[in-house]
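This report describes the fold of one protein chain, from its overall make-up to its sheet and its interior. The sequence and the structure are shown first.

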Amino acid sequence: MTLITLRALLCGPALLLASAAYGAFPAAGPDDPQCTAEDRKYMARAYELARYAVTHGGGPFGALLVKDGKILAEFSNCVHSTGDITKHAETGLISMISPKIDRDTFAKSTLYTSTEPCAMCCGSICFAGIGRVVYGTSEAPFEQVMGLPPLPEPLTSHEILRRISPTVKVFGPLMETEGLKIHEDYWPLHPEDVGKS
């Protein structure tokens, strides 16, 4: 059992309900100043994919892969509808598109993801050789919305990817207010999913 799953089982539902009841959802952080207007356009699409996931039996996560202004692939979380725990937005997208494109294409592409990639997704990003990642909502406020207590030593995707794939450029948060709203609308209604999406 992973640490996040154990934390979710022990703490998630009670803290989630308390956060919702008292309006204690976190404030969004400022946008990463290195993100561009084009990044904002594709992040808006990642958030659309996250909302789509919610209406189709998945957790509130979406991702798309873009190269030279062209969307190569899109994927919405479908962990619950498929029963496949690896179908996070990022890993599902990489699994779906990797037989169709080469490593050079991955290296010259940007992965846009509605929420900061978890450790599993960072591993997939590394092995695919994706050159650039832009995420919307940071892990810490997202976990707060889920009702999880803060980790004593949080590990961000910036740090994970810097250690395992130092050539990957990671940017975010971006448009975090919109992303947190998606999570705030989802988790209070689905406390049983905390730590499982």
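Of the contacts in the protein chain between residues at least 6 apart in sequence, 69% join residues at least 24 apart; contact here means heavy atoms within 4.5 Å. The model is a predicted one, in which local features need pLDDT of at least 70 and side-chain atom pairs count only at pLDDT 80 or more, while totals for chains, interfaces and linings use all residues. Residues are numbered from 1 along each chain as its sequence is written, and side-chain values use heavy atoms, with hydrogens and water left out.

The protein chain holds nine helices and five strands. These are DSSP runs numbered from the N terminus, helices being H or I of at least four residues and strands E of at least two. From the N terminus, their order is α-α-β-β-α-α-α-β-α-β-α-α-β-α. Of the 197 residues in the protein chain, 49% are buried, that is, under 20% relative accessible area, with exposed meaning over 50% and partly exposed in between (1.4 Å probe, protein chains only). The accessible surface of the protein chain is about 9400 Å², and carbon and sulfur atoms account for 60% of it; this area comes from the Shrake-Rupley method with a 1.4 Å probe.

The five strands build an open sheet of mixed pairing, in the order β2-β1-β3-β4-β5. Two strands count as paired if DSSP finds at least two bridges between them. At the edges stand β2 (70–76) and β5 (169–171), each of which pairs on one side only. Neighbouring strands are turned by 15 degrees against each other on average, direction ignored. Helix α8 (residues 157–164) packs on the sheet, where α8 touches β4 (132–137) and β5, and its direction makes about 180 degrees with that of β5. Axes are lines fitted to C-alpha atoms, for helices over the stretch in contact, and angles run from 0 to 180 degrees between N-to-C directions.

Strand β1 (residues 62–67) pairs with β3 (residues 110–115) in the antiparallel sense over four bridges. With β2, strand β1 is also antiparallel, joined by six bridges. The table gives bridge partners of β1 residues.

| Residue in β1 | Partner | Strand of partner |
|---|---|---|
| L64 | Y112 | β3 |
| L65 | A73 | β2 |
| V66 | T110 | β3 |

The hairpin of β1 and β2 has two residues between the strands, and in this hairpin D68 takes a positive phi near 50 degrees. Five of the six residues of β1 are buried, so that the strand is mostly covered.

What is the size of the largest nonpolar core? It has 31 residues, and those with the most contacts inside it include L65, L93, F106 and W187. A nonpolar core is a set of buried Ala, Val, Leu, Ile, Met, Phe, Trp, Tyr and Cys residues joined through side-chain atoms within 4.5 Å. Among the elements that each supply at least two residues of this core are β1, β2, α4 (89–97) and α6 (119–128). Helix α4 gives the most, with four residues.

Leaving aside neighbours within four places in sequence, the contacts of L65 include A73, L93, F106, T110 and I130. Apart from the largest core lies another of 15 residues, among them Y47, L49, L64 and I182.

Helix α4 is mostly covered, with seven of its nine residues buried. Those residues are A89, E90, T91, G92, L93, I94 and I97. They pack against β1, β2, α5 (103–107), β3 and α6.
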